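These are my notes from an afternoon spent going through one model. I kept them in the order in which I looked things up.

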Amino acid sequence: MTIQPVSKSEYTTAHREWLASLHGTDSVDTITLDLNLFCEGTHYVCGDGCDPYGRVLSGVPVGRVAESGLYGPYDPEAHCGRQILRGFLIAEAPFAPARPVFRPHCCGTAR
């Protein structure tokens, strides 16, 4: 009897029904999100008991917080810089729930 190691890989594909065309998706910027500004269930989902990681949903509009330089969800009523739409998240990036900052890709003008 031989014992063989077993490995398992899972891939997630972002749900991009919100994307009208692929125009602009070939040139994306990497940004840093402040997860403390996002709402669970609306902007991101956390993993269950089998999956310790959460993920931010694709298509979330983002704005840049002027003070920190981090990005949060676009809010036209905000007064911190997030009232200016900078782009949309194009990738669903995994993150550990204990880590408030992570780097997914953003489609749009993120400067």
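Before looking for surface patches I fixed the rule: a patch is built from residues with over 30% relative accessible area and no salt bridge, and nonpolar side chains are joined within 5 Å. I also noted that I am working from a predicted model, and that every entry below should be read as such.

Entry on the surface. Which residues form a nonpolar patch on the surface? I found Trp-18, Tyr-74, Leu-85 and Phe-88, and together they have about 330 Å² of accessible area. I then followed Phe-88, which lies in strand β7, residues 87-89. Phe-88 counts as partly exposed because its relative accessibility is 31%, and partly exposed is the class between buried, under 20%, and exposed, over 50%. For the whole protein I wrote down an accessible surface of about 7600 Å², with 53% of that belonging to carbon and sulfur atoms. Of the 111 residues, 33% are buried.

Entry on the strands. How many helices and how many strands does the protein have? I counted zero helices and ten strands, so that I could check the pattern along the sequence, which reads β-β-β-β-β-β-β-β-β-β. I next looked at one open sheet, where three strands stand in the order β3-β4-β8 with antiparallel pairing. Its edge strands are β3 (44-45) and β8 (94-95), each of which pairs on one side only. Strand β4, residues 54-56, is joined to β8 by two bridges, and these two strands run antiparallel. Within this part of the sheet I located Gly-54, which stands opposite Phe-95 in β8.

Entry on contacts. Taking the contacts between residues at least 6 apart in sequence, I noted that 58% join residues at least 24 apart.

Entry on confidence. The protein averages a pLDDT of 76, and 72% of the residues score at least 70. Where is confidence lowest, and where is it highest? I found the lowest mean, 48, in strand β9 (residues 101-102), and the highest, 92, in strand β5 (residues 61-64). Over residues 99-103 the pLDDT stays under 50, although the model gives this stretch 19 contacts beyond four places in sequence. Residues 105-111 also have a pLDDT below 50, and for them the model has 32 contacts beyond near neighbours in sequence.

Key: Residues numbered from 1 in each chain as written. Predicted model: local features only at pLDDT ≥ 70, side-chain atom pairs only at ≥ 80, totals over all residues. Heavy atoms only, no water. Patch = residues over 30% accessible without salt bridge, like charges linked within 9 Å, V, L, I, M, F, W, Y side chains within 5 Å. Areas by Shrake-Rupley, 256 points an atom, 1.4 Å probe, with all protein chains shown as cover. Salt bridge = Lys/Arg side-chain N within 4 Å of Asp/Glu carboxyl O. Helix = DSSP H or I, 4+ residues; strand = E, 2+ residues; numbered from the N terminus. Buried < 20%, exposed > 50% of the residue type's maximum accessible area, 1.4 Å probe, protein only. Pairing = 2+ DSSP bridges. pLDDT = per-residue confidence, 0-100. Contact = heavy atoms within 4.5 Å.
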